Amino acid sequence: MKMTVETMDEDLTRIALDGRLDLEGTQAIDQQFAFATSTRPLRLAVDLSSVSYIASIGLRTLLTAARAQAGRGGRMVLVGPSEMVRRVLVTTGVDTIVPLCEDWSSARDRLLAD
């Protein structure tokens, strides 16, 4: 699992994940992801377009980050999941806690909405 963090326009943060969010993949990014998502309030888009698989531990990682942002006054959305990953997010109800966006444009609009 690879993780890239970048600051976008209007103080939006994009974290791109690439690989499998299974036990091994989650362990590979766990500390870096937790630090990037929980230390300060952000308008955060987590790009899942290159995530090929997500397990329950990956769901926990995403939900922990979303709760951290909500507790600090930030916002988080998930962007561009593949059909398989989207199905897992919807089936488990994650989409009712963390909004799913099709692309960066819709994520940006959602994060900037009051």
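## Working through the sheet, the helix and the core

L21 stands opposite I54 in β3. Keep that pair in view as you work; the model is a predicted one.

**Exercise 1. Work out the strand order of the sheet, and find which strands stand at the edges.**

Step 1: take the β1 and β2 pairing. These strands are antiparallel, with 6 bridges between them. Two positions to look up are M3, whose bridge partner in β2 is L17, and T7, which sits opposite T13 of β2.

Step 2: look at the turn. The β1/β2 hairpin has 4 residues between its strands, and E10 has a positive phi near 55 degrees.

Step 3: carry on across the sheet. β2 and β3 run parallel and are joined by 9 bridges. β3 and β4 also run parallel, with 5 bridges, and A45 has V77 as its bridge partner in β4.

Step 4: put it together. You get an open sheet of 5 strands in the order β1-β2-β3-β4-β5, and the pairing is mixed. β1 and β5 (100-101) each have a single partner strand, so they are the edges, and one side of each has no neighbour in the sheet.

**Exercise 2. Decide whether A16 and T91 are buried or exposed.**

Step 1: place them. A16 is in strand β2, while T91 belongs to helix α3.

Step 2: apply the cut-offs, which are under 20% relative accessible area for buried and over 50% for exposed. A16 comes in at 15%, so it is buried. T91 has 65%, so it is exposed.

Step 3: check the surroundings of A16. Beyond its neighbours within four places in sequence, A16 contacts K2, M3, T4 and D47. Its C-alpha lies 6.6 Å from that of L48, although 32 residues separate the two along the chain. For T91 and S49, which are 42 residues apart in the chain, the C-alpha separation is 18 Å.

Step 4: zoom out to the strand. β2 is mostly covered, with 7 of its 10 residues buried.

**Exercise 3. Find where helix α1 bends, and what its buried residues pack against.**

Step 1: trace the helix. α1 covers residues 23-38 and bends by about 55 degrees at D30.

Step 2: pick out the buried positions. These are G25, T26, I29, F33 and T37.

Step 3: see what they meet. The buried residues of α1 pack against three strands, β1 (2-7), β2 (12-21) and β3 (43-54), and against helix α2 (56-72).

**Exercise 4. Which residues have the most contacts inside the largest nonpolar core, and which elements give two or more residues to this core?**

Step 1: name the residues. The core has 24 residues, and L17, L48, L62, L78 and L89 have the most contacts inside it.

Step 2: assign the elements. β2, α1, β3, α2, β4 (75-79) and α3 (83-91) each give two or more residues to this core.

Step 3: set aside the other core. Apart from the largest one there is another, of 7 residues, including L12, V77, V79 and C101.

Step 4: follow L48 outwards. With residues up to four places away in sequence left out, L48 touches L17, L21, L62, L78, V79, G80, P81, S82, V85 and L89.

**Exercise 5. How many aromatic pairs are there in the whole structure, and what lies over the face of Y53?**

Step 1: search for ring pairs. The whole structure gives 0 aromatic pairs.

Step 2: turn to Y53. R20 lies over the face of this ring, 4.3 Å from its centre.

Definitions and conventions: Residues are numbered from 1 along each chain as its sequence is written. This is a predicted model: local features need pLDDT of at least 70, side-chain atom pairs count only at pLDDT 80 or more; totals for chains, interfaces and linings use all residues. Side-chain values use heavy atoms; hydrogens and water are left out. The bend at a residue is the angle between axes fitted to the seven residues ending there and the seven starting there. Buried means under 20% relative accessible area, exposed over 50%, partly exposed in between (1.4 Å probe, protein chains only). Contact means heavy atoms within 4.5 Å. A nonpolar core is a set of buried Ala, Val, Leu, Ile, Met, Phe, Trp, Tyr and Cys residues joined through side-chain atoms within 4.5 Å. Rings of Phe, Tyr and Trp (its six-membered ring) pair if their centres lie within 6.5 Å; planes under 30 degrees apart count as stacked, over 60 as edge-to-face and the rest as tilted. A charge sits over a ring if NZ of Lys or CZ of Arg is within 6 Å of the ring centre and within 35 degrees of the ring normal. Two strands pair if DSSP finds at least two bridges between them.
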